[in-house]
Amino acid sequence: MKVGFVHPTYPQGEGTGATHSASRIVFELADRGHDVTVYCWADPPDGWTVDADLSVRPLDTDGAPYHSALQLDRALRERVPEFDAYDVVHSYVMNSLPALGEVAAETSAATVLTLNAYGAVCPKNDLRYMDREPCERNGLAKCAACSVATSGGHDEHGPLYRSASRLGYLKLVRDGERVADRIDGYHALSPHIRETYADFGFPRERLSVIPNVLDERFDRPHESDFEPPYELLYVGSLDEHKGVDRLLPVLDRLNRSGESHRLTVVGDGGLRTDLAEAAAERGLDEAVTFTGWLENDDLPELYAAHDCFVYPGRWDEPFGRVFLEALATGTPVVASDVGSVAEIVGEGGRTTDGSVDGFVTAIRELFDGDPEGVSAAATRTVDRYRADAVVPQFVDLYERVLERAGAGDR
């Protein structure tokens, strides 16, 4: 099968979970003999090579408009005739929906869009109205007000920058919703993502749930001894919707209860300063390590050396790769029961109501119970996310969208 694939950065690049998820898909498809051409949103560094039989075509995303997603939209539209050469055009970038709709209208290629969060219906991508509550309906005035009102209090970018960026994304959300019915198939990362997009009017019968593919670099023996001091780990962005402000109160309560716990925080984001200040105010400087962002190659050993991965998220988590990474290394997970997390984690951990009390109770119960047994269950849980189990589901999806496009059902 000849596949054109729009990548959120470039194959083997570092970045968010989406970058690694997209790379796994293109490498696994190429390994199985499919003819894959990757269109890269970001330029690979000088001297970069890829260890796979892929064709790579960087997109020209320089110049006006000075908004990265609008630049991608323009760059894809300029290449629309080129996409006629593929059987399937699959984009792993939600904000490319307007351009992908043009590909569907102007070429014979079947089209697939990955929905790995909420960026096709929410300019903030978290579907949390005013950062307070789940959002069930969008609209121009509502989304504009929410985008601007919640753009402050961030370490990395000021409120004017964030407001302008989000209003650019709002334009793409509205343009994309107008062409959503043209797309032949949608790849939803979890059942919760499928139901959410169906509720927002996306064609339910074309939403297919296919999970993330396990990165086998994380498939390694667990190394911690599950003895005090217990080593807790968080990996991810340091933002409000990830609930990271709950980490230090949880650690404080655990350590006041008698047993010693330590916390490693991996990642960067808008709340980094707030977290460091909170650690100092609570006298937890010696118990917390902030590593900042780490390369993916550094993470497997780190996961395996910790006793528990803690995920305190507030938003309806789509399907973070962090869960597969923790489970594969035999590190039990304690997480907020949001989105499809309970289904993903299975017997490899516990879910809570997201409160500080809930996390304290769940972590105590884990270590007072049979953490070795939960660790063993975690490694078994990831079997259903291995490439041999997941990649055929993409091939089935591609065959279905080809049938739809060939039948003229657009």
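Start with the whole chain in view: this predicted model contains 14 helices and 15 strands. Its radius of gyration is 21 Å, close to the 22 Å that the globule rule gives for 410 residues, so the protein is as compact as a globular protein of that length. If you turn the model along its principal axes, the C-alpha atoms fill a box of roughly 65 × 45 × 45 Å.

Keep everything displayed for a moment and switch on a surface. The protein exposes about 16,600 Å², and carbon and sulfur atoms supply 46% of that area, while 56% of the 410 residues count as buried. Among contacts between residues at least 6 apart in sequence, 69% join residues that are at least 24 apart.

Next, select strands S3, S2, S1, S4, S5, S8 and S9, which in that order form an open sheet of seven strands with parallel pairing. At its edges you will find strand S3 (55–58) and strand S9 (207–209), each of which pairs on one side only. As you look along the sheet, note that neighbouring strands are turned by 20 degrees against each other on average, direction ignored. Strands of a sheet pair through backbone hydrogen bonds, and this pairing may be either parallel or antiparallel.

Now zoom in on one edge of this sheet by selecting residues 185–188, which are strand S8, together with S9; the two pair in the parallel sense over three bridges. Which residue of S9 stands opposite Tyr 186? Displaying the side chains, you can identify Leu 207 as that residue.

Move on to residues 17–31, which make up helix H1. This helix lies across strand S1 (2–7) and strand S2 (35–40), and it runs at about 165 degrees to S1.

For the last stop, select residues 247–256, helix H7. Is this helix largely enclosed or left open by the rest of the structure? Seven of its 10 residues are buried, where buried means under 20% relative accessible area, so helix H7 is largely enclosed by the rest of the structure. The buried residues to colour in H7 are Leu 247, Leu 248, Pro 249, Val 250, Leu 251, Asp 252 and Leu 254.

To see what the buried residues of H7 pack against, add strands S10 (230–235), S11 (261–266), S12 (288–292) and S13 (308–311), and then helices H8 (272–281) and H12 (356–368). Finally, follow the backbone to Gly 258, just after H7, where this glycine takes a positive phi of about 130 degrees.

Methods. Residues numbered from 1 in each chain as written. Predicted model: local features only at pLDDT ≥ 70, side-chain atom pairs only at ≥ 80, totals over all residues. Heavy atoms only, no water. Buried < 20%, exposed > 50% of the residue type's maximum accessible area, 1.4 Å probe, protein only. Helix = DSSP H or I, 4+ residues; strand = E, 2+ residues; numbered from the N terminus. Contact = heavy atoms within 4.5 Å. Pairing = 2+ DSSP bridges. Axes fitted to C-alpha atoms, helices over the stretch in contact; angles between N-to-C directions. Rg over C-alpha atoms; globule rule 2.2 N^0.38 Å. Areas by Shrake-Rupley, 256 points an atom, 1.4 Å probe, with all protein chains shown as cover.
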